[in-house]
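Reader: I would like to go through this model one question at a time, with the criteria stated as they come up. Please start with how the parts are arranged.

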Amino acid sequence: MGFAKGFNQVEAAAEKAVRGIVEEHGFSLWDVVFVKEGAAWYLRILIDKPQGVSIDDCTSIDGEINAIIDEQPFIDKIDYLEIGSAGLERTIRREEQIKASLGRKITLKTYKLCEGLPEKTVKCKLEDFDGEKVLISGDFGKKELALSDISAMNYDDFDDFNELMEV
């Protein structure tokens, strides 16, 4: 997966087109993802709100988002448009998402076993980010990792959702 410094062209144009609609309805835009799965290209609009996102929330903005995406010059590249929740175990793939996730429990995966980590996949807390490296902490202590060493980061809220709500 790796980390995106910014959006690709389709993601950037879609983000610009839908942000206003998403925010007008009281949601925040977590991510816009344009990805190929099998033979099909998907454009995913991932939204969030403090109380969580329901199917009704996604449905409430579906028509407006479909209409605006249909007007975009990249529409011929999209096979499927999906509007959904960023989710409890959301992916962190952009620098602004890393900054917004400081202090959260995450599952982090590295491309190779890094010195100071017990495995290539660790559960940890995201402590700091300087634009090039993240500082994480866990049973292994504290470890600084370059973004280039990290293959994936996801929130790890599912197992301790109640504990996180107390923070």
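Reader: At what angle to β3 does α2 run, where it lies across β2 and β3?

Author: This is a predicted model, in which local features need a pLDDT (the predictor's confidence in each residue, from 0 to 100) of at least 70 and side-chain atom pairs count only at pLDDT 80 or more, while totals for chains, interfaces and linings use all residues. Residues are numbered from 1 along each chain as its sequence is written, and side-chain values use heavy atoms, with hydrogens and water left out. Helices (H or I, at least four residues) and strands (E, at least two) are DSSP runs numbered from the N terminus; axes are lines fitted to C-alpha atoms, for helices over the stretch in contact (heavy atoms within 4.5 Å), and angles run from 0 to 180 degrees between N-to-C directions. On that basis α2, lying across β2 and β3, runs relative to β3 at about 145 degrees.

Reader: What is the average pLDDT of the chain, and over which residues is it below 50?

Author: The chain averages a pLDDT of 90, and 90% of the residues score at least 70. One stretch has a pLDDT below 50, with four contacts in the model beyond near neighbours in sequence, and this stretch is residues 161-167. Where pLDDT is low, the predicted coordinates should not be read in detail. The average and the stretch asked for are therefore 90 and residues 161-167.

Reader: How many helices and strands does the chain have, and what pattern do they follow along the sequence?

Author: The chain has four helices and eight strands. Read from the start of the sequence to its end, they follow the pattern α-β-β-α-β-α-β-β-β-β-β-α.

Reader: Which strands stand at the edges of the three-stranded sheet?

Author: Two strands pair if DSSP finds at least two bridges between them, and by this criterion three strands form an open sheet in the order β1-β2-β3 with mixed pairing. Neighbouring strands of this sheet are turned by 20 degrees against each other on average, direction ignored. Because a strand with a single partner has one side left without a neighbour in the sheet, the edges are β1 (28-37) and β3 (80-85).

Reader: Which residue in the turn between β1 and β2 has a positive phi?

Author: β1 and β2 (residues 40-48) run antiparallel and are joined by nine bridges; among the opposed residues, V32 faces I45 and E37 faces A40 in β2. The two strands form a hairpin with two residues between them, and the residue in the turn with a positive phi, about 65 degrees, is G38.

Reader: Is I45 buried or exposed?

Author: I45 lies in strand β2 and touches, among others, V18, V22, I65 and L81, not counting residues up to four places away in sequence. The C-alpha atoms of I45 and I83, 38 residues apart along the chain, are separated by 4.8 Å. Buried means under 20% relative accessible area, exposed over 50% and partly exposed in between, with a 1.4 Å probe and protein chains only. Because its relative accessibility is 0%, I45 counts as buried.

Reader: How are α1 and α2 oriented, roughly parallel or roughly antiparallel?

Author: Helix α1 (residues 9-24) and helix α2 (residues 55-70) pack at an angle of about 150 degrees, with their axes 10 Å apart. The contact is made by A14, A17, V18, I21 and V22 of α1 and I61, E64, I65, I68 and I69 of α2. Angles under 35 degrees count as roughly parallel, over 145 as roughly antiparallel, 65 to 115 as roughly perpendicular and the rest as oblique. Therefore α1 stands to α2 as roughly antiparallel.

Reader: What is the strand order in the five-stranded sheet, and which strands are its edges?

Author: The sheet is open, with antiparallel pairing and the order β7-β6-β5-β4-β8. β4 (residues 105-110) pairs with β8 over five bridges, including those of I106 with Y155 and K109 with A152. Five of the six residues of β8 (residues 150-155) are buried. Each edge strand has a single partner, so one side of each is left without a neighbour in the sheet, and these edges are β7 (141-146) and β8.

Reader: What separates the C-alpha atoms of L88 and Y155?

Author: L88 lies in the loop between β3 and α3 (95-100), and it counts as partly exposed because its relative accessibility is 40%. L88 and Y155 are 67 residues apart along the chain, and their C-alpha atoms are separated by 6.6 Å.
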